[in-house]
Amino acid sequence: MSNELKLIPPNDQRVRSAIPVFKNELLERFGFKDRKELSDKMFETMNKYHGLGLTANQVGLPLNVFVLGGHPKIENGLKMTCFNPMIISSSEETIVMKEGCLTYPFLFLSITRPRKVVAKYEDENGDLQEAHLDGIISRVFQHEYDHMIGKVFTQYASKLKLDMATKKAEKYIEQYKNETRI
């Protein structure tokens, strides 16, 4: 296995594929000695691209796992590695927030999601965890969980809003390319 995980493009079908249940036997097949090594590599990749969350399928791995958190200003730097995540319940109260995604650089959309969720998942040690999440950490968990079921955040936006945001993203990308040529 290469030392570096790389983001795959948004048109790659693996980004929109539902991921089956994770089993430890899959680790060796993809070159990882254990869950912790995979978790560390995913956090390293997420941080490289300045994200708040990253799923295995965003880097081309058909593994039902994502990482999130680690930002010092969000939940005191809480970090979570979630294998086989499930959302058990969500609040009726919803909130609109701007979301982005490492798979879609510079694309930001206002998305409505439940404010709170109760989730279950296995951590990097294989222990079952239950989390009561609120605010941004809840938002990131829901966004990453969607990746596990083959859904991406662009599916929550109208065609008009998506088209407008895509044009804006293309301008940012062009500006970024011009600035990095110097």
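Reader: Hi! Before we dig in, when do two strands count as a pair here?
Author: Hello! Two strands pair if DSSP finds at least two bridges between them. Keep in mind that this is a predicted model.

Reader: Good to know. So how many bridges join E1 to E2?
Author: There are 3 bridges between E1 and strand E2, residues 65–69, and the two run antiparallel. Within that pairing, Gly53 sits opposite Leu68 of E2.

Reader: And what is the strand order in the sheet?
Author: The order is E1-E2-E3-E6-E7, an open sheet of 5 strands with antiparallel pairing. Strand E1 (53–55) and strand E7 (128–134) are at the edges; each has a single partner strand, so one side of each has no neighbour in the sheet. On average, neighbouring strands are turned by 40° against each other, ignoring direction.

Reader: Which helix packs on the sheet?
Author: That is H2, residues 35–48. Helix H2 touches E1, E2, strand E3 (79–90) and strand E6 (116–122), and its direction makes about 50° with that of E2.

Reader: Switching topic: how many residues does H3 have, and how far does it reach?
Author: H3 covers residues 135–148, so to speak 14 residues. From first C-alpha to last, H3 reaches 20 Å, close to the 20 Å expected at 1.5 Å a residue.

Reader: Is H3 mostly covered or mostly open?
Author: Mostly covered, with 12 of its 14 residues buried. Among them are Ile137, Val140, Phe141 and Tyr145, and the buried set also includes Arg139, Glu144 and Asp146.

Reader: Nice. What does Gly150 do just after H3?
Author: Gly150 takes a positive phi there, about 85°.

How values were computed: Residues are numbered from 1 along each chain as its sequence is written. This is a predicted model: local features need pLDDT of at least 70, side-chain atom pairs count only at pLDDT 80 or more; totals for chains, interfaces and linings use all residues. Side-chain values use heavy atoms; hydrogens and water are left out. Helices (H or I, at least four residues) and strands (E, at least two) are DSSP runs, numbered from the N terminus. The expected span of a helix is 1.5 Å times one less than its number of residues. Buried means under 20% relative accessible area, exposed over 50%, partly exposed in between (1.4 Å probe, protein chains only). Axes are lines fitted to C-alpha atoms, for helices over the stretch in contact, and angles run from 0 to 180 degrees between N-to-C directions. Contact means heavy atoms within 4.5 Å.
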